[in-house]
There are 2 protein chains.
Amino acid sequence: MTGKKPSAQASIEAMYRVFTVPEAPDSTLSRIDQNISRNLAGFLQEHIVAVERDLSDVEKNFSDSAIPEKPVFVSEQTQFLLDKLVADSVHTASPAFIGHMTSALPYFMLPLSKIMIALNQNLVKIETSKAFTPLERQVLGMIHRLVYQQDGAFYRKWMHDPSHALGAVCSGGTVANLTALWVARNRAFPAEGSFRGLHQEGLFRALKYYGYEGAAILVSDRGHYSLRKAADVLGLGRDALVPVPTDDENRIQIDALRDKCLELQRQKIKVMAICGVAGTTETGNVDNLDAMADIAREFRAHFHVDAAWGGPTLFSRTHQHLLRGIEQADSVTFDAHKQLYVPMGVGLVVFKTPGLASAVEHHAQYIIRKGSKDLGSTTLEGSRPGMSMLIHSGLRIIGREGYEILIDEGINKARTFAEMITEDADFELVTKPELNILTYRYCPAVVQQALAVANKRQAERINTSLNRITKYLQKTQRERGKAFVSRTRLEPARYTHFPCIVFRVVLANPLTTPDILMDILDEQKELARESGIAEEMAIVKELAETVLKEKETSEG
Amino acid sequence: MTGKKPSAQASIEAMYRVFTVPEAPDSTLSRIDQNISRNLAGFLQEHIVAVERDLSDVEKNFSDSAIPEKPVFVSEQTQFLLDKLVADSVHTASPAFIGHMTSALPYFMLPLSKIMIALNQNLVKIETSKAFTPLERQVLGMIHRLVYQQDGAFYRKWMHDPSHALGAVCSGGTVANLTALWVARNRAFPAEGSFRGLHQEGLFRALKYYGYEGAAILVSDRGHYSLRKAADVLGLGRDALVPVPTDDENRIQIDALRDKCLELQRQKIKVMAICGVAGTTETGNVDNLDAMADIAREFRAHFHVDAAWGGPTLFSRTHQHLLRGIEQADSVTFDAHKQLYVPMGVGLVVFKTPGLASAVEHHAQYIIRKGSKDLGSTTLEGSRPGMSMLIHSGLRIIGREGYEILIDEGINKARTFAEMITEDADFELVTKPELNILTYRYCPAVVQQALAVANKRQAERINTSLNRITKYLQKTQRERGKAFVSRTRLEPARYTHFPCIVFRVVLANPLTTPDILMDILDEQKELARESGIAEEMAIVKELAETVLKEKETSEG
């Protein structure tokens with residue numbers, strides 16, 4: 001492409017070249033392409049600037065709202081992307097970045113992704129995807145079998161059946177959860193007598209016909225925010241997402257769940273769905289799915305399990321028992337770009353019963369016609385890329401055993417890190433790892449001792465200060481760019497449910513070592529001694545000592 | 001990876017290698033990677049089998065529902081993908097495949113995609129996307145400006161404003177339309193007095209509070225099926241998608257639209273949204289957006305324009321007038337994987353007013369906190385890939401002028417093809433191209449003449465036969481693999497709205513030449529003479545001759 005104004009014909013030819021002439025082997029873009037293939041870690045290390053730049057500075061590079069009139073050279077755009085985008089992106093693959101659910105990618109995913117993109121298939125229909133449709137149906141079958149363990153005959157019958165789908169592949173866990181609850185909602189108010197079903201007549205008439213005042217989705221108060229979003233999208237309203245208290249281990253309280261269902265029933269609110277969580281986003285805990293399944297049956301509610309994070313735990317013979325009961329779920333969400341180690345963004349939902357997806361079946365004249373095997377008839381999305389090819393490749397190249405190792409190693413590493421935190425007098429482990437997620441905070445021994453005996457008012461003062469410190473440490477560590485933990489807010493029972501800000505750690509990157517974890521703690525300790533926060537820290541310690549002295553006096 | 005059972009430590013090491021050791025330069029996968037970079041067209045030509053294999057045969061390659069216990073070699077999986085997946089995929093980039101909305105990709109998109117995948121950013125929040133968030137905000141600004149043409153001050157104020165978003169990037173047009181209608185629905189029933197808004201209390205209470213019996217979305221009967229799906233998802237029910245008749249040019253009848261609005265008003269049904277179509281999926285026509293905007297204002301309805309296909313027509317100084325009135329829309333859907341020539345799947349919706357997206361704003365404790373610039377707070381999806389980088393690159397490398405050429409050439413080519421069809425005695429042009437889409441069918445001159453004078457019963461008989469012929473020709477041509485047109489069903493006014501199956505052609509691939517178009521017609525003529533359909537053809541012609549003779553007699 002040229003910056004000069006060419007004649008019309010020359011412009012047209014230039015445009016054709018864009019589609020037909022590959023980048024020259026020595027072009028900037030080709031060199032990067034090869035560089036990434038040969039040495040991805042090096043490329044990321046070299047090009048991503050470690051120290052965080054101020055966002056307002058970064059925004060200056062993306063401030064022009066006008067689409068350029070004249071084309072710019074590929075090499076110019078490439079250099080721009082390298083200097084201004086890649087440089088200021090996040091090193092999600094770094095083994096010291098343990099705050100994200102996005103981690104390193106297996107090497108083969110890169111060239112395979114290129115094949116996928118080059119083919120540019122669209123999974124909405126067979127006509128634009130051909131073999132990709134049977135492949136995606138197989139992937140759905142494989143995950144279905146991992147969850148539900150039906151026999152071979154079941155999959156021979158249903159996997160490629162044109163009028164059924166064992167699930168839906170989608171852009172991620174949010175759409176997977178939404179799809180599951182869409183199915184649940186439509187099935188809760190089916191066609192009957194003169195009523196043609198919620199899917200046809202809508203929620204207003206459905207509730208009137210069935211004599212309800214509302215419909216609710218129940219989930220623990222640690223449920224993912226996508227469920228509240230789904231309640232909004234589906235027209236139920238955010239109030240319809242009813243949070244149920246959790247126990248000290250961040251698992252839903254089964255008695256409270258049952259009480260809540262009874263209460264809703266008395267209020268003439270339909271218990272439409274009960275959602276179990278297999279791997280809470282913030283603490284990595286798993287609900288008692290078996291007990292939840294019983295309650296769902298009792299109230300004839302759809303039982304959905306959000307296993308976006310924890311689903312792949314099923315690969316591990318050692319830890320799969322944690323998800324016991326998942327096979328009773330009507331639907332299960334899996335995220336592939338999390339612990340299946342597939343690039344962003346692909347997730348899926350599987351349905352226990354092959355007929356379930358029909359509750360959201362749509363057809364059109366030119367595609368997804370009735371009787372076709374087009375997967376687009378039961379997905380929320382329309383056009384979709386061939387990401388299933390990458391899930392398929394992961395399942396085959398890594399295999400059940402490989403995923404087992406990744407899961408087991410992650411959980412082991414989380415336990416190791418938990419021990420390191422517990423043994424270090426400067427830190428407090430806030431939630432123990434059940435899977436590979438834990439939370440902790442900087443909280444010197446003396447402060448921990450004080451908190452154990454402080455009255456409510458004192459504890460709140462200390463925790464408020466600690467919150468500021470945690471926030472500062474997390475932010476500063478991120479800005480320095482060597483390591484990254486994320487942060488969230490929990491309400492630990494031991495602090496009378498006072499909101500506490502904590503570091504959140506996700507140990508899914510196989511390249512993270514104990515040494516790296518030790519370095520992260522060391523850096524946090526170092527930061528705590530720095531001028532920005534040392535004064536606050538001194539105040540907290542003084543406060544703690546006062547509390548301990550008072551206690552001593554009152555006991556003395 | 002090895003197929004043998006290794007010791008635990010060896011397994012762990014093998015697993016680490018998968019993440020750290022790139023494919024060897026001479027590995028099958030690396031060779032394909034390089035091959036695609038050097039010669040994509042050749043790779044596709046060589047590896048995609050032209051002749052269509054029976055789907056049940058293809059399914060045999062994807063029939064195992066068990067996840068392999070042991071890992072398979074990368075090279076083995078690569079070979080499998082080449083032989084069983086790539087071979088039986090669809091050559092969407094072929095210039096003779098003019099039935100899809102998916103076409104060829106500019107070459108630079110491939111290496112850029114690899115950078116995007118290697119970076120593995122997640123746009124839900126700044127913490128996992130950093131510079132990608134300002135970049136995506138810029139892309140939203142650029143498309144917003146293309147549509148709404150606000151001044152520089154507007155974009156300086158809003159583009160990077162933390163509590164606003166000018167739109168939402170998503171996986172495609174379906175989610176874009178859904179997002180727009182989600183916003184429309186929530187804004188139609190806002191918080192007021194004791195009512196906390198539909199988003200909070202749900203549709204049931206919203207309708208009760210505001211005293212409505214329902215809420216409706218109006219669109220022409222050529223509207224995309226995703227709108228009906230959205231009506232279902234949003235809890236309105238499919239009935240809430242009210243189709244309005246179109247004129248002979250497949251454009252919504254403005255009087256009928258107004259009448260329908262008045263009728264709904266009388267029925268106490270809230271006119272929640274009116275959707276204009278800028279490029280109908282089947283025929284590529286554009287509604288009279290200006291007139292629709294007036295009606296939307298009259299009924300205080302949200303005015304949405306689905307420009308998934310036709311949006312980029314705004315790049316063309318010659319044709320942008322077709323979309324006049326789009327700047328009055330409250331929201332506009334654009335698909336990037338269609339006429340922005342970005343890989344599958346990315347689309348977006350832009351909102352006229354920066355405050356609109358707040359109707360669907362969600363927050364959580366650990367991400368998308370209030371006041372953050374995280375784009376995830378107003379998207380339907382959660383985790384999302386950095387596809388905006390590819391839109392950004394397209395807009396810069398192709399530029400306004402480049403996209404103009406692509407649009408103009410597509411429309412010119414469609415006109416050329418329409419002429420070729422009209423001039424050929426064997427074909428009937430069913431819908432003329434307004435943009436770059438047209439429909440036609442195989443219908444010899446004598447049959448066309450007969451249809452012009454036939455009575456309703458006769459016409460139906462002829463059209464029923466022609467439908468079978470069109471279906472056969474389309475299917476057979478696709479199976480032979482040299483060329484592809486799609487098919488759909490229209491109800492042309494000139495055939496008293498009898499459902500007619502037609503070939504549908506989309507001319508978006510810049511590599512499609514008039515010679516290729518001629519070959520497609522020739523092959524169809526050839527197929528029509530083959531034994532499979534020649535008899536049916538003979539019957540139609542006989543029927544036509546009888547009709548013409550009768551007419552002659554009655555007039556004689």
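This is a short tour of a predicted model with chains A and B, going from the interface to the sheets and then to some local details.

**Stop 1: the interface**

Start by colouring chain A and chain B separately, then select the residues of each that touch the other. You should get 172 residues from chain B and 171 residues from chain A. The size of an interface is often given as the accessible area lost when the parts come together. Here, the area buried between chain B and chain A is about 15600 Å², and carbon and sulfur atoms give 62% of that.

Now show the side chains at the interface. Between chain B and chain A there are 16 salt bridges. To see one of them, select B:D239 and A:R196, whose closest N and O atoms are 2.5 Å apart. Polar contacts can be displayed next: 84 residue pairs make them across the interface of chain B and chain A, counting pairs with both residues at pLDDT 80 or more.

Which helix gives the largest share of the side of chain B that touches chain A? Select residues 109-119 of chain B: this is helix α6, and nine residues of the contacting side come from it. If you colour that side of chain B by residue class, you will find 85 nonpolar, 47 polar and 40 charged residues.

**Stop 2: the four-stranded sheet of chain B**

Hide chain A for a moment and switch chain B to a cartoon. Look for an open sheet of four strands, ordered β8-β9-β11-β10 in chain B, with antiparallel pairing. Its edges are β8 (427-431) and β10 (486-490) of chain B, each of which pairs on one side only. Turn the view to look across the strands: neighbours in this sheet are turned by 45° against each other on average, with direction ignored.

Strands of a sheet pair through backbone hydrogen bonds, either parallel or antiparallel. For a closer look at one pairing, select β10(B) together with strand β11 (residues 500-506) of chain B; five bridges link them in the antiparallel sense. Within that pair, label B:S486 and its bridge partner B:R504, which belongs to β11(B).

Next, add helix α18 (residues 456-480) of chain B. Helix α18 of chain B lies across β9 (437-442), β10 and β11 of that chain, and runs at about 35° to β11(B).

**Stop 3: the sheet of chain A**

Bring chain A back and hide chain B. Chain A has an open sheet of four strands in the order β8-β9-β11-β10, with antiparallel pairing. Here the edge strands are β8 (427-431) and β10 (486-490) of chain A, each pairing on one side only. The twist from one strand to the next averages 45°.

This time, zoom in on β8(A) and strand β9 (residues 437-442) of chain A, which run antiparallel and are joined by four bridges. Label A:T431 and you will find A:T439 of β9(A) opposite.

Two helices are worth adding to this view. Helix α16 (residues 399-423) of chain A packs on the sheet and touches β8, β9 and β11 (500-506) of chain A, making about 15° with the direction of β9(A). Helix α19 (residues 514-528) of chain A also packs on the sheet, where it touches β8, β9 and β11 of chain A at about 25° to the direction of β9(A).

**Stop 4: a salt bridge within chain A**

Over all chains the count of salt bridges comes to 62. One of them joins A:R478 and A:E52, with 3.1 Å from N to O. A:R478 sits in helix α18 (residues 456-480) of chain A and A:E52 in the loop between α3 (40-47) and α4 (55-60) of chain A, so the pair ties together parts that are 426 residues apart in sequence.

**Stop 5: backbone details**

Finish with the backbone torsions. Where does A:G345 lie? Look in the loop between β6 (331-335) and β7 (347-351) of chain A. The peptide bond from A:M344 to A:G345 is cis, with omega near -10°. In chain B, select B:M344 and B:G345: a cis peptide bond joins them, with omega about -10°. B:G345 is in the loop between β6 (331-335) and β7 (347-351) of chain B.

The last selection is A:Q149, in the loop between α7 (132-148) and α8 (152-158) of chain A. Phi of A:Q149 is near 50°, a positive value in a residue other than glycine.

Note on methods. Residues are numbered from 1 along each chain as its sequence is written. Chains are lettered from A and ligands numbered from 1 in the order in which they are written. This is a predicted model: local features need pLDDT of at least 70, side-chain atom pairs count only at pLDDT 80 or more; totals for chains, interfaces and linings use all residues. Side-chain values use heavy atoms; hydrogens and water are left out. Contact means heavy atoms within 4.5 Å. Buried area is the accessible area (1.4 Å probe) that two parts lose on being put together, summed over both. A salt bridge is a side-chain nitrogen of Lys or Arg within 4 Å of a carboxyl oxygen of Asp or Glu. A polar contact is a pair of N or O atoms within 3.5 Å; within protein, one must be able to donate a hydrogen and the other to accept it, and residues adjacent in sequence count only if both atoms are side-chain atoms. Ala, Val, Leu, Ile, Met, Phe, Trp, Tyr, Cys and Pro count as nonpolar, Asp, Glu, Lys and Arg as charged, and the others, Gly among them, as polar. Two strands pair if DSSP finds at least two bridges between them. Axes are lines fitted to C-alpha atoms, for helices over the stretch in contact, and angles run from 0 to 180 degrees between N-to-C directions.
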